Amino acid sequence: MRHALFSLALTFLAIAAQSAAGFEVEERHWIGPQDGTPLRVISTTDTEILAPLIKSYLLQNPGVAVDYTVANSSEVMKAVLEGEERFDIALSSAMDLQTRLANDGFTLPHRSAATALIPEWGEWRSHVFAFSLEPASIVLSASAFAGAGVPRTRQDLIALLRAQPERFRGRVGTYDVSVSGLGYLFATQDARTAEAYWRLMEVLGSLEPQLHCCSASMIERVASGELLVAYNVLGSYARARQDLAGKIVVVDPEDYTNLMMRSAVLLKGGSHPELARMFADHLISAAWSQPPAADYPFSKPPVAFVDSASPKRPIQLGPGLLVYQDAEKRRRFMAEWFSAVRKK
Amino acid sequence: MSAGVNVSGSIRRRLLVQLVGSAALLAALLFIAVLAFVRNVAEESHDRILLASATSILDSVSVQSGELTADIPYAALSMLGNVSDDRVFYRITHPGGTLTGYDDLPVGGVPVQPGQPVFESARYKGEGIRAVTISRRLSVQGVPVPVQVSVAQTRLGQATLLEQLVWSALYIGAGFFVLASALAFWSAQSSIKPLRSLTEAVSRRGPKDLRPVTRPVPAEMSPLVSSLNSFISRLQASLARSEDFIAEAAHRVRTPLATVRTQAETTLMRVEKEKNRASLREMIRAIDESSRAAGQLLDHAMVSFRTDSLELKEVNLTELARDLTERLQPVAELKDIALHFEGGSPVCIQGDGILLQNAVRNILDNAIKYSGQDSEVWVRVAGSGAQQKIEVEDQAGGFGGEDTEALTRRFVRGANAKDTIGSGLGLTIAREVAEAHGGSLIIKNSQTGAGACVTLCFPSH
């Protein structure tokens with residue numbers, strides 16, 4: 001159905017995934033007229049997910065095409081830092097990397113009617129703009145937890161894993177923090193927020209966990225029954241998989257749930273900064289308008305989210321995120337994390 | 001009011017200009033002082049946060065397995081994010097190089113002594129930054145190693161804050177100026193007030209009021225008021241002297257004149273020659289005129305004196321006019337003039353009886369003097385609520401379009417006065433008496449046109 005819409009005056013051109021220069025590209029698409037002015041986007045978000053928004057953007061801006069490159073968050077960072085290929089705008093779920101780009105001067109400031117819609121905690125110094133709010137959830141196998149006993153908090157999960165180590169051995173999963181920027185962000189925020197996190201990692205470590213690059217693979221493995229528990233999975237992805245609805249249970253932990261914000265930064269050195277601004281505004285207004293635009297692909301971001309009593313907390317944008325980007329800090333954290341998780 | 005006065009400047013304006021000028025100066029100083037103070041405070045508090053951040057980073061540097069390592073606390077950088085949306089940079093160095101952070105941060109170049117933080121301003125990545133560098137010695141494998149931490153932040157937030165502070169300081173300064181100007185206006189107004197009220201009191205005075213100023217005045221004005229009082233008393237003395245002089249002179253002239261007249265009449269009886277008799281009659285007439293003038297001068301002096309210190313008593317105008325009419329009846333009969341009195345119930349005013357009598361007598365004298373043989377003169381007294389009046393009407397021909405106002409000036413005589421003995425003081429006296437009682441003298445031709453009608457009008461008290 002999505003693809004049917006695409007054929008409407010637009011061409012959807014998949015360029016063979018190529019390994020350009022120094023960073024690894026997952027996929028690359030040219031969306032829009034062949035001879036259109038290209039807006040070059042580098043993103044961690046799959047093309048399919050953002051396609052409706054890109055399409056509506058192209059409808060509003062005839063003669064423009066979107067050159068959409070997908071890479072994982074560390075590769076997005078690498079692409080920008082090395083600068084061999086120039087992009088106009090970077091979309092990433094790794095808030096710390098986006099903050100780092102803004103702090104180190106790789107981004108352009110932007111203020112518009114759209115950016116004024118963003119709540120204060122959703123943007124940083126008019127350089128980083130959030131356009132989604134997605135929970136770090138626990139995904140459970142529906143069949144394994146059919147007879148109640150679904151853990152609602154980390155404590156519950158720890159108790160459950162400790163109680164039945166044989167049942168869960170080799171069937172628990174989480175992000176590989178050394179591969180996934182988002183996994184690293186979730187892990188560091190967890191470590192900062194709760195003592196229980198390290199205990200959970202110790203317990204996971206004793207159960208020979210499978211480490212994953214991405215949420216999608218964890219969701220699929222839980223659905224297939226290969227995994228019983230996946231920790232720190234993007235809840236928005238899991239809930240979007242209508243086809244797996246009966247096979248997985250998505251739990252937002254009730255002790256606290258970190259909310260990741262997908263964010264956009266306008267890159268310095270892009271060829272079409274004005275197109276990039278319009279694209280950013282398009283994403284932002286789709287996300288933060290009340291109600292959000294019909295083609296907004298994520299679950300609606302709750303604008304009135306400053307309820308401090310809620311266990312759901314957006315990860316705070318700002319220089320605090322730079323701490324975990326520090327090389328020493330990162331080295332130490334990785335060492336500690338792997339010593340917990342790789343324990344036999 | 002200031003007609004003919006040489007005006008140079010204005011106390012009020014000068015006061016206002018000086019006060020508003022000082023207010024403006026003070027407001028400017030206040031603005032500068034407030035701005036310098038808040039800027040200082042803002043910079044100091046910002047420096048302190050930088051120092052706190054650097055200290056917590058430095059505290060996190062430790063030695064593990066013989067190697068330096070740092071575990072930067074989350075709060076060390078997030079505290080800077082809470083203050084402003086500025087970019088944050090840091091670096092941890094040791095003599096071997098940079099341990100972690102921004103390698104090219106252009107601060108902390110010179111070694112910093114432990115416990116003595118160094119604050120610097122520099123430019124980095126295209127923006128101005130404020131940085132602090134602190135240091136500490138750690139023991140690495142028994143060797144003391146100085147570790148240095150620099151934390152820097154761009155100054156955008158501070159610039160925004162400073163802009164707000166400038167505006168606040170500006171508002172404070174402007175507010176002070178407005179308030180001080182209002183007070184200056186009020187103060188200038190109130191300091192000029194005693195001067196104004198004295199001016200009013202003096203200019204409100206009647207033409208003959210030569211009493212000294214006794215109202216309380218501020219100390220600064222007392223020399224002016226005492227000079228004014230002494231001027232008034234000198235003026236009063238000088239006026240009194242000239243009145244006395246005139247009275248004295250008139251008195252001295254009148255007695256010898258009476259003697260001369262008697263002698264002249266005696267001689268007239270003895271002289272036979274018609275030519276000599278005529279010249280003697282002329283002489284007697286001249287003597288009469290002088291004597292009458294002297295008499296009126298005396299009257300006038302008396303009137304001036306009494307009006308200066310008017311003593312008010314109840315006077316019955318009807319009674320007064322009837323008495324005078326009766327008294328002058330013989331004089332009128334000599335010329336066959338019918339003198340009528342018309343008056344009913346008593347009409348009373350507060351006044352000086354002697355002065356009033358004098359005034360009425362002068363008017364009546366004039367009427368009889370100028371009336372021809374067999375004519376009639378009426379004296380009427382009437383009171384009607386707000387106004388009491390005595391009216392004297394004759395058939396002596398009236399004033400024939402003359403300036404009747406001029407007739408009441410001293411020594412001015414009517415056009416028909418040539419053959420009549422008189423001095424020109426009669427109506428002047430009448431008018432002065434009327435005005436001393438708050439009334440007026442009205443001179444006009446009678447309704448029949450046969451003569452004049454002179455009216456003394458007094459308001460009811």
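Which residue forms a salt bridge with K329(A)? In this predicted model, the partner is D71(B), and the closest N and O atoms of the two side chains sit 2.6 Å apart. The pair crosses between chains, running from helix α12 of chain A to the loop between β2 (67–70) and α2 (74–83) of chain B. The two ends differ in how much of them is left open: K329(A) is buried, with a relative accessible area of 10%, whereas D71(B) is partly exposed at 31%. With the cut-off for buried set at under 20%, the lysine falls on one side of it and the aspartate on the other.

That pair belongs to the wider contact between the chains. The count of salt bridges between chain A and chain B is two, and the rule for polar contacts finds twelve residue pairs across the interface, both residues of each at pLDDT 80 or more. On the side of chain A that touches chain B, the elements giving two or more residues are α4 (95–103), α7 (181–193) and α12 (327–341). Helix α12(A) provides the largest share, five residues. Sorted by class, this side of chain A has eight nonpolar, five polar and nine charged residues. As for totals, 22 residues from chain A and 28 residues from chain B take part in the contact. Together the two chains bury about 1900 Å² between them, and 45% of that is on carbon and sulfur atoms.

Helix α7 of chain A also holds T188(A). This threonine is buried, and its relative accessible area comes out at 0%. Leaving aside residues up to four places away in sequence, T188(A) touches Y324(A) and F333(A).

Salt bridges turn up well beyond the interface, with 34 of them over all chains. One of these is formed by D252(A) and R239(A), with closest N and O atoms 3.1 Å apart. Since D252(A) lies in the loop between β13 (248–251) and β14 (257–260) of chain A and R239(A) in helix α10 (residues 235–240), the pair ties together parts that are 13 residues apart in sequence. Here the acid is the buried partner: D252(A) has 15% relative accessibility, while R239(A) is partly exposed at 40%. In chain B, R281(B) forms a salt bridge with E274(B), with a closest N to O distance of 3.3 Å. At 41% relative accessibility, R281(B) counts as partly exposed. Elsewhere, salt bridges that share partners join R28(A), R40(A), D67(A) and E85(A) into one network.

Helix α6 of chain B gives a handy geometry check. It runs over residues 274–308, and at 1.5 Å a residue its 35 residues should span 51 Å; the end C-alpha atoms are 51 Å apart, so expectation and model agree. The buried residues of α6(B) include L280(B), I284(B) and I287(B), and further along A294(B), G295(B), Q296(B), D299(B) and H300(B). Also among them are A301(B), V303(B), S304(B) and T307(B). An α-helix has 3.6 residues a turn, so residues three or four places apart point the same way. What do the buried residues of α6(B) pack against? They pack against α5 (222–270), α8 (353–370) and α9 (426–436), which belong to chain B as well.

Conventions. Residues numbered from 1 in each chain as written. Chains lettered and ligands numbered in written order. Predicted model: local features only at pLDDT ≥ 70, side-chain atom pairs only at ≥ 80, totals over all residues. Heavy atoms only, no water. Helix = DSSP H or I, 4+ residues; strand = E, 2+ residues; numbered from the N terminus. Expected span 1.5 Å × (residues − 1). Buried < 20%, exposed > 50% of the residue type's maximum accessible area, 1.4 Å probe, protein only. Contact = heavy atoms within 4.5 Å. Buried area = accessible area lost by both parts, 1.4 Å probe. Salt bridge = Lys/Arg side-chain N within 4 Å of Asp/Glu carboxyl O. Polar contact = N/O pair within 3.5 Å; in protein donor to acceptor, adjacent residues only side chain to side chain. Nonpolar A, V, L, I, M, F, W, Y, C, P; charged D, E, K, R; others polar.
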